[in-house]
Amino acid sequence: MDSDRFHPDLLIERACDKTGLEEFGDSTSWRDGLDRVCDGLASPESRLNELGVEIAVMDIDRALTSRLQIVDWRKRHPNVAAAPVERPIFIVGQPRTGTTILFDLLAQDPALRPPLTWEVDNPFPVPEADTYDTDPRIAQTQATLEMSEQIVPGLLSHHPMGALVGQECVRMFSGEFCSMIFPTQYRMPDYYRWLLYDADHRPAYRYHRMFLQHLQSGVGGQWLLKSPAHLWQLDALLAEYPDALIVQTHRDPLNVIASISALIHHLRRMASDESSIPDCAAQSREQIVVGLEYAMKMRDSGVLPADQVVDVHFRDFMKDPFATIRGLYGRLGRELSPTAEQRMREHLAAHPGDHGGNRYRWADTGLDTSEVREQVRSYQQRYDVPDEPLR
């Protein structure tokens, strides 16, 4: 691998030349994150193939370019930085616990504003209400996603994606280079442990706010946001958004680990010829166990007030999604309008899902069942999460 491909200074220079901009904002923490990302990708441990190098370089370039453009836009439009982000709704919880379908259903409510993939990946120029459904960036983004399916057939069945589908917050965090998206897409053991144990995530949430302010300067609304990664950083989230409403989903962590390991394996196959499910499962187990313990600690400490969090059980949601949604709306102090419910029902009919199908098996993880069960037992007892039959 040509080491210069991941030289931070050269990547910065490339983004500056591309945009004609030079200012990355007052924060300097992004540079430490960029250095760590580049070190992780340049390491032989990443096991990148030639295509993986190109994809990773494009990911970094996109993040740097977006940051330059967002900083420049708010500098030229001071009102953007002054605009509040009021009572955002964050869907958190372990990956593969129904967060995506819950997010997609709530996104059908015209009163809520999810960040869509096309505008997160291409935030400049600012999206406009009149062309929000016809912007040419939509087709460009969709073509890129479909190319991913051609490279790794079946990828979109593991995790449906689309230009007009809501995007996770980790994509926005990438501009601070403090994001779970990097060690999910690429094998970066040193980076993911830094992210999990040592990184200061507060600057990432400040940049997240900048990103939301940028997008809402074109198309406003109450933000509906989602990422399992928030579960690991609830203190940083609440410090930046003290009025946030948190929806935490719950499911047997063992099936979660099996499912997310299979997904990560498929994602990494775009960039590497040497991915394996047991390798992905080892990382997933550590992240899940640490995240669940941390979230319980945050709730016990009062950092996350009880009146700002709603618990949703996967089993209940799968059994009767609209009973769950009505209960959720009641806790959030919102009214589920007939229009919103009809749109949700139409979306669910068009995207019924298969609840996992045969895409993952616990046996493929190589993990010890009793050992992992013991590590998550306190979480299951606290939230009355039953053991599920392992796939």
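This tour moves through a predicted model, from its sheet to its cores, its aromatic rings and one serine.

**The sheet**

Begin by selecting the strands. Five of them form an open sheet: the 5 strands stand in the order 2-3-1-4-5, and their pairing is parallel. At the edges are strand 2 (112-113) and strand 5 (309-313), each of which pairs on one side only. In general, the strands of a sheet pair through backbone hydrogen bonds, either parallel or antiparallel.

Next, select strand 1 (residues 89-93) together with strand 4 (residues 245-250). These two strands run parallel and are joined by 5 bridges. One residue to display is Phe 90, whose bridge partner in strand 4 is Ile 246.

Now add helix 17 (residues 321-332), which packs on the sheet and touches strand 1, strand 2, strand 4 and strand 5. The direction of helix 17 makes about 170° with that of strand 5.

Keep strand 4 and strand 5 in view. They too run parallel, joined by 5 bridges, and His 250 stands opposite His 313 of strand 5. Helix 19 (residues 369-383) lies across strand 4 and strand 5 and runs at about 115° to strand 4.

Is strand 5 largely enclosed by the rest of the structure, or open? Of its 5 residues, 4 are buried, so strand 5 is largely enclosed.

**The nonpolar cores**

Nonpolar side chains tend to be buried together in soluble globular proteins. To examine this here, select Phe 6, Leu 41, Ile 60, Leu 64, Phe 177 and Ile 246. The largest nonpolar core holds 89 residues, and these six touch the most other members. Helix 3 (residues 50-76) gives the most to this core, contributing 10 residues.

Centre the view on Ile 246. Beyond its neighbours within four places in sequence, Ile 246 is in contact with Phe 90, Val 92, Leu 237, Leu 238, Leu 304, Gln 308, Val 309 and Val 310. Another core, of 22 residues, lies apart from the largest one; among its members are Ile 89, Leu 105, Phe 317 and Leu 328.

**The aromatic rings**

How many aromatic pairs are there? The count comes to 10. A pair of aromatic rings is described by the distance of the centres and the angle of the planes.

Select Tyr 191 and Trp 194 in helix 11 (residues 189-197). Being 3 residues apart, they are separated by about one helical turn. Their ring centres are 5.4 Å apart and their planes stand at 50°, so the pair is tilted. Tyr 191 is buried, with a relative accessible area of 3%, and Trp 194 is buried as well, at 12%. Adding Phe 177 and Phe 182 completes a cluster, in which ring pairs link these two residues with Tyr 191 and Trp 194.

Move to helix 12 (residues 202-216), where Tyr 207 and Phe 211 lie 4 residues apart, about one turn of the helix. Their rings form an edge-to-face pair, with 6.2 Å from centre to centre and 90° between the planes. Tyr 207 is buried, with a relative accessible area of 2%, and for Phe 211, also buried, the value is 2%.

**A serine in a loop**

Finally, select Ser 227, in the loop between strand 3 (222-226) and helix 13 (234-240). Is Ser 227 buried or exposed? Its relative accessible area is 0%, so Ser 227 is buried. A polar atom of the Ser 227 side chain lies 3.1 Å from the backbone nitrogen of Ala 229. Leaving aside neighbours within four places in sequence, the contacts of Ser 227 are Ile 91, Val 92, Glu 168, Cys 169 and Val 170.

Terms used
Residues are numbered from 1 along each chain as its sequence is written. This is a predicted model: local features need pLDDT of at least 70, side-chain atom pairs count only at pLDDT 80 or more; totals for chains, interfaces and linings use all residues. Side-chain values use heavy atoms; hydrogens and water are left out. Buried means under 20% relative accessible area, exposed over 50%, partly exposed in between (1.4 Å probe, protein chains only). A polar contact is a pair of N or O atoms within 3.5 Å; within protein, one must be able to donate a hydrogen and the other to accept it, and residues adjacent in sequence count only if both atoms are side-chain atoms. Contact means heavy atoms within 4.5 Å. Two strands pair if DSSP finds at least two bridges between them. Axes are lines fitted to C-alpha atoms, for helices over the stretch in contact, and angles run from 0 to 180 degrees between N-to-C directions. A nonpolar core is a set of buried Ala, Val, Leu, Ile, Met, Phe, Trp, Tyr and Cys residues joined through side-chain atoms within 4.5 Å. Rings of Phe, Tyr and Trp (its six-membered ring) pair if their centres lie within 6.5 Å; planes under 30 degrees apart count as stacked, over 60 as edge-to-face and the rest as tilted.
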